[in-house]
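Ready to get to know a new structure? Work through the exercises below with the sequence and the model side by side.

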Amino acid sequence: MGHRYTALYGPSGIDVRETVRAIDKHRGLVKGIKAHGEVGGYSRWGVETLRLGTEASRQAGVPVYVHLGRLWSDAAGASIDPDTVVPEVVPLLAPGDILAHPFTKNPGAFVSREGRVHPLIFEAVKTGVHIDIGRGGHMSYRAARAVLDAGIMPFTVGGDVHGYTIGPLEDRAWDGGYFDETPSAAAPPAAIGGAKVYSLTQVLNELLALGIQLEDVVRMVTCNAAAMLGMTGEIGTLAPGAVADVTVLATDHGRFTLSDSLGEEITSSMRLRPEITVRAGKVSRPDSPLLGRSLSALFCHGADGRGDAARNIPRPARRTRGVSLEPDLAVQGRAPEPPVTRRSRPSRRS
Ligand SMILES: [Zn+2]
């Protein structure tokens, strides 16, 4: 696993010219460059890897996607204040670039050690930098509340599903908290993503439980994602001439418990559940074992005690109270009711 070997992420492994050449050759496949604005790397190389990443990004005309939040311990002998990394990162960004992991549990990202959103994050958003959730092992409901309460709204919902975010690492390397720390024999092996398995749909459920409106959540995984990829009108929209990519989500009602990467739990009164997927016109039923584990991990306490059987309830008249759900997204489910806490879409700070 590459994450074990910090040196692989250093500037010596980056060739800007060859990177641009590879992007040019595979325009249909490569839509951006991911680079780290990460504390452990910063202690070794400053922001040189990110600088090279942005250089390649500008030459190739694709955005740079920046990971925030510590992955590695500081270099031997170094001691970095994690909150000093963001001020070094933001000036390198341009409109359309992406900041990732706003809700991370790790230091050195949006939320400072004092629990406040870094002022430069507001500046970045104002200049047109986008935010991707990049859920992975980076979901702290506490951090998410701080970010959302500050009026910062993510643009897209990267699932960031890796083997090590959904299952325990065999050699327990994550137990110390970062990739390169000594495993703790006392602690049980843990998945980086948290105690329970998740899927992209479950991340949407987390956002609903955090109070983000359904229409905003749907936008984040459709038209906003298309815009980020430079594919507006081609995908992420239900329109004549667009690629026939459709996900039909049912809505279940009851009491659902979700858990973040640290094990904190929140509850929601509604759950989205995938029913049918159409990819480029080809219909398939979601049957991933991962999805099954994910939804059963999202424990359902149906109001009538029937649990998942609640999905078969008849569909009542649709509600129009401020929540617009595309008809194709509402099949086989009841029209949505508001999540436990509701949050009107915060306006960006000016
Ligand atoms: Zn990342």
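**Exercise 1.** How many bridges join strand β5 to strand β6, and do the two run parallel or antiparallel?

*Solution.* Keep in mind that this is a predicted model. Start by finding β5 at residues 246-259 and β6 at residues 265-279. Next, look at the bridges between them: there are 12, and the strands run antiparallel. To check the pairing on one spot, go to A250, which sits opposite R273 in β6. Finally, follow the chain from β5 to β6: the two make a hairpin with five residues between them. In that turn, G263 has a positive phi of about 95 degrees.

**Exercise 2.** Work out which residues of helix α6 are buried and where they sit around the helix.

*Solution.* First, locate α6 at residues 141-149. Its buried residues are Y141, A143, A144, V147 and L148. Now look down the axis of α6: these buried residues fall within an arc of 155 degrees, so they line one face of the helix. A general rule helps here: an α-helix has 3.6 residues a turn, so residues three or four places apart point the same way. Then ask what the buried residues of α6 pack against: it's β6, the strand from the hairpin. Just after α6, you'll meet G151, with a positive phi near 90 degrees.

**Exercise 3.** Find where the pLDDT is below 50.

*Solution.* Begin with the whole chain: its mean pLDDT is 81, and 72% of its residues reach 70 or more. Then pick out residues 300-342, where the pLDDT is below 50. Residues 344-350 are below 50 too. Where pLDDT is low, the predicted coordinates shouldn't be read in detail.

Terms used
Residues are numbered from 1 along each chain as its sequence is written. This is a predicted model: local features need pLDDT of at least 70, side-chain atom pairs count only at pLDDT 80 or more; totals for chains, interfaces and linings use all residues. Two strands pair if DSSP finds at least two bridges between them. Helices (H or I, at least four residues) and strands (E, at least two) are DSSP runs, numbered from the N terminus. A residue is buried if 20 or more other C-beta atoms lie within 10 Å of its own, exposed if 12 or fewer, and partly exposed in between; C-beta atoms are placed from the backbone. The arc is that of the directions from the helix axis to the C-beta atoms. Two residues are in contact if their C-beta atoms, placed from the backbone, lie within 7 Å. pLDDT is the predictor's confidence in each residue, from 0 to 100.
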